[in-house]
Amino acid sequence: MADDMFAPPVNRAMKVLDRSFFQKTVPASAARIFKPQDIARCRKELQLSRDTLPNNRIQPVRPDPDAERAQKGGKCLVLKPEIIHDDRTTWSPRLRDLEQDGTLSVIPLQLHLDYDYFTYSEITGATIPPPEKKNDDEIPQGFTLAGHVAHLNLRERYWPYKHLIATVLADKNPMVKTVINKLDNVGSENAFRTFQYEVLVGEDDLNVEVHEQGCTFKFDFAKVYWNTRLHTEHERVCSIFEEGDAICDVTAGVGPFAVPAGKKRCFVWANDLNPESYNSLANNVKLNKVGDYVRAFNSDGTDFIRTASHELLTAQHSVDIMPKTKFSRSNPPKDKPKPLKTLVQPRIFSHYVMNLPASGINFVSSFVGLYSNVPGVPVAEIKKLFEGRQMPMVHVHCFSTKSEDNVKEKEEICEELSRQMGYTITPDMPEVDIHDVRDVAPKKRMFCATFRLPEEVAFRQV
């Protein structure tokens, strides 16, 4: 009943937002506190006795509704809807005690609610007709935020309300300046995972700045792929890397794996086929000052796995880790500080990352014979590099169906990996992990398949 009292007025015919429509007066009661010094004590005691209004959107202490009292600094405390000012049977014992000892009186109060009070969910729920069937799409609540841009993916049922939805969303989220709606499916229409969109609110300016894992990323959201909902996955994979590792980021995008890995002092060779992603990646490497560790490339991922792995074998690069010293120009250090240590770039990658779930699993075939015929580097020399260390880990993102236990999905993903490599791996093998990343559609789920590259695959003669 109390929830209904604070619900917004309903208008199912509204297609263009009319903010003035959302006005409502709620009859309530309040405790008029006679002395200002008693306000804090009364508020605490009435909260303990559960007499106050449990609504964090309404200021509990307000000016007295009597204008003359309000001018003199009079205050009142809003009470819960069940309390009726002229019915003492609805009062708690503590409220009655405070009234009897002259600390307060219980008075009627008219609460005025307007558009600013109601939430996005309440406004859209009051204007958009609910689903006719149980399994129909619910009223859209979620959106992806990239900097100042909110990205919707509205079902056809909500297209007549798209401008209303976008306007309310922007009103209720101060960070949002532009709202766009996706018009096609990422990954199927465009090899670069970009998409056609329409601007519903704000300017067509998709140059955004995003902060994640202590790093800053700048890019044009219209020209590259970015999904804020993957921040947990970015953090999970990066947490596996260790200082001094060499990482091959095959489909790096604008750098959500590569740049944080560079911050951890990993040597990252980061690649993306999209020239716009490559440019943003290179700029983000500079912006985050990880140029000593991260190199940006612009080539096909299938080729990059082989070329990067081969070039790393003969590449030479190291970074001196210097102590953090403070000095002034007037008193410079007498001797050049010595490095705390020197990190030498390894000659083989410890990890390969392929975050292209629509087709990245096909890249796995590039590992077949990876080290069997490297120009200028004998196989025996390569095998010697692996003495005392393990083969690299491969992290490949992919899509599959959904189920409660993921058993069938894990088996099917391993079967496809096995087919690509000509080598059988199963979900129950050591160092094989099929991680459930997130749901992307009612019947579609994103996974990350992690496995150690079999030596037999990498050194197979082809």
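These exercises work through a predicted model.

**Exercise 1. The cores**

Find which residues have the most contacts inside the largest nonpolar core, and which element gives the largest share.

Solution.
- Step 1. The largest nonpolar core has 44 residues. Those with the most contacts inside it are Tyr-352, Met-354, Phe-367, Tyr-371, Leu-417 and Phe-451.
- Step 2. Look at the elements that give two or more residues to this core. Among them are strand 16 (351-354), helix 12 (407-421) and strand 19 (444-452).
- Step 3. Helix 10 supplies the largest share, five residues.
- Step 4. Take Leu-417. Leaving out residues up to four places away in sequence, Leu-417 touches Ile-361, Val-364, Val-396, Ile-425, Ala-449 and Phe-451.
- Step 5. A second, separate core has 39 residues, including Leu-109, Leu-113, Ala-166 and Val-176.

**Exercise 2. A helix pair**

Decide how helix 2 and helix 4 are oriented to each other, and list the residues that meet.

Solution.
- Step 1. Helix 2 (residues 39-48) packs on helix 4 (residues 93-100) at about 155 degrees, with the axes 9 Å apart.
- Step 2. Angles over 145 degrees count as roughly antiparallel. Helix 2 and helix 4 are therefore roughly antiparallel.
- Step 3. The crossing of helix 2 past helix 4 is right-handed.
- Step 4. From helix 2, Arg-41, Glu-45 and Leu-46 meet Arg-94, Leu-95 and Leu-98 of helix 4.
- Step 5. Sort this contact by class: three nonpolar residues, three charged and no polar.

**Exercise 3. Asn-284**

Is Asn-284 buried or exposed, and which residues does Asn-284 touch?

Solution.
- Step 1. Place Asn-284 in helix 9 (residues 275-287).
- Step 2. Its relative accessibility is 1%, so Asn-284 counts as buried. The cut-off for buried is under 20%.
- Step 3. Beyond residues up to four places away in sequence, Asn-284 touches Thr-216, Phe-217, Lys-218, Val-254 and Val-259.
- Step 4. Compare sequence and space. Asn-284 and Pro-256 are 28 residues apart in sequence, and their C-alpha atoms are 9.7 Å apart.

**Exercise 4. Positive phi**

Locate Arg-265 and Glu-431, and state the phi of Arg-265 and of Glu-431.

Solution.
- Step 1. Most residues other than glycine have a negative phi.
- Step 2. Arg-265 has a positive phi, near 65 degrees. Arg-265 sits in the loop between helix 8 (258-263) and strand 12 (267-271).
- Step 3. Glu-431 is not a glycine, yet has a positive phi of about 65 degrees. Glu-431 lies in the loop between helix 12 and strand 18.
- Step 4. Check exposure. Arg-265 is partly exposed at 30% relative accessible area. Glu-431 is partly exposed at 40%.

Definitions and conventions:
Residues are numbered from 1 along each chain as its sequence is written. This is a predicted model: local features need pLDDT of at least 70, side-chain atom pairs count only at pLDDT 80 or more; totals for chains, interfaces and linings use all residues. Side-chain values use heavy atoms; hydrogens and water are left out. A nonpolar core is a set of buried Ala, Val, Leu, Ile, Met, Phe, Trp, Tyr and Cys residues joined through side-chain atoms within 4.5 Å. Buried means under 20% relative accessible area, exposed over 50%, partly exposed in between (1.4 Å probe, protein chains only). Helices (H or I, at least four residues) and strands (E, at least two) are DSSP runs, numbered from the N terminus. Contact means heavy atoms within 4.5 Å. Axes are lines fitted to C-alpha atoms, for helices over the stretch in contact, and angles run from 0 to 180 degrees between N-to-C directions. Angles under 35 degrees count as roughly parallel, over 145 as roughly antiparallel, 65 to 115 as roughly perpendicular and the rest as oblique. A crossing is left-handed if the near helix is turned anticlockwise from the far one by less than a right angle, and right-handed if clockwise. Ala, Val, Leu, Ile, Met, Phe, Trp, Tyr, Cys and Pro count as nonpolar, Asp, Glu, Lys and Arg as charged, and the others, Gly among them, as polar.
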